[in-house]
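Open the model in your viewer and keep the selection panel at hand. The stops below go from a helix pair to individual side-chain pairs.

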Amino acid sequence: MKILVLNGPNINMLGIREPGIYGKNSFTELLALLAETAEKENLEIEQYQSNHEGCLVDKIQEAYGKFDGIVINPAAYTHTSIAILDALKAVAIPAVEVHISDVSQREDFRQISYPGLACVKTIMGRGLEGYREAILYLKEHYA
């Protein structure tokens with residue numbers, strides 16, 4: 001099974017950016033968790049991070065016919081990007097939305113998720129472990 005893990009803006013700043021909200025783990029530690037999960041679960045995982053909405057849309061479109069699942073943390077684009085929603089709907093690859101923090105307990109403007117409307121599941125508030133949970137969910141339900 002091949003899974004694409006997409007990370008939106010500022011995820012590359014993990015450990016530096018607001019550690020009280022996003023934790024002290026670094027982006028490098030997230031990449032290590034993905035590699036460890038891939039090896040342990042015998043999966044092929046590709047990770048991509050961009051601060052640019054169009055690049056994320058391009059990557060989703062490129063996933064068509066190549067990946068069995070998508071794990072996506074759209075970050076700030078969660079609350080603004082109909083383009084990412086439309087790309088996820090277009091490729092119709094099972095996707096799980098992940099948020100490191102519990103966005104349901106945050107500011108009012110964070111209460112809507114456009115990309116989440118095209119996802120089969122949302123995991124939030126579990127820190128980096130949420131990525132592993134999303135991967136395992138896809139493996140269990142779509143392998």
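Select residues 27–41, helix α2, together with residues 129–142, helix α5; in this predicted model the two pack at an angle of about 30°, and their axes are 10 Å apart. Because angles under 35 degrees count as roughly parallel, α2 is roughly parallel to α5. The crossing of the pair is right-handed.

Next, show the side chains at the contact. From α2, pick L30, L33, L34, E36, T37 and E41; from α5, pick E129, Y131, R132, I135, L136 and K139. Colour them by class: 6 of the contact residues are nonpolar, 1 is polar and 5 are charged.

Stay with the charged residues and select E36, E129 and R132. A network of salt bridges links these three residues, and each of them is also part of the contact between α2 and α5. Within the network, look at E129 and R132: their side chains form a salt bridge with an N to O distance of 3.1 Å. Both residues are in helix α5, 3 residues apart, which means that about one helical turn separates them.

Are E129 and R132 buried or exposed? E129 has a relative accessible area of 31% and is partly exposed. R132, at 18% relative accessibility, counts as buried, because the cut-off for buried is under 20% relative accessible area.

Now select E133 and R126. These two form a salt bridge in which the closest N and O atoms are 2.5 Å apart. Turn on a surface to compare accessibility: E133 is partly exposed at a relative accessible area of 24%, and R126 is partly exposed as well, at 46%.

For the last stop, select E46 and K59. Their salt bridge has its closest N and O atoms 3.0 Å apart. E46 belongs to strand β2 (residues 44–49) and K59 to helix α3 (residues 53–62), so this pair ties together parts that lie 13 residues apart in sequence. E46 counts as partly exposed, with 31% relative accessibility, while K59 counts as buried, with 17%.

How many salt bridges does a search of the whole structure find? The search finds 7, among them the pairs E129 with R132, E133 with R126 and E46 with K59.

Notes. Residues are numbered from 1 along each chain as its sequence is written. This is a predicted model: local features need pLDDT of at least 70, side-chain atom pairs count only at pLDDT 80 or more; totals for chains, interfaces and linings use all residues. Side-chain values use heavy atoms; hydrogens and water are left out. Axes are lines fitted to C-alpha atoms, for helices over the stretch in contact, and angles run from 0 to 180 degrees between N-to-C directions. Helices (H or I, at least four residues) and strands (E, at least two) are DSSP runs, numbered from the N terminus. Angles under 35 degrees count as roughly parallel, over 145 as roughly antiparallel, 65 to 115 as roughly perpendicular and the rest as oblique. A crossing is left-handed if the near helix is turned anticlockwise from the far one by less than a right angle, and right-handed if clockwise. Contact means heavy atoms within 4.5 Å. Ala, Val, Leu, Ile, Met, Phe, Trp, Tyr, Cys and Pro count as nonpolar, Asp, Glu, Lys and Arg as charged, and the others, Gly among them, as polar. A salt bridge is a side-chain nitrogen of Lys or Arg within 4 Å of a carboxyl oxygen of Asp or Glu. Buried means under 20% relative accessible area, exposed over 50%, partly exposed in between (1.4 Å probe, protein chains only).
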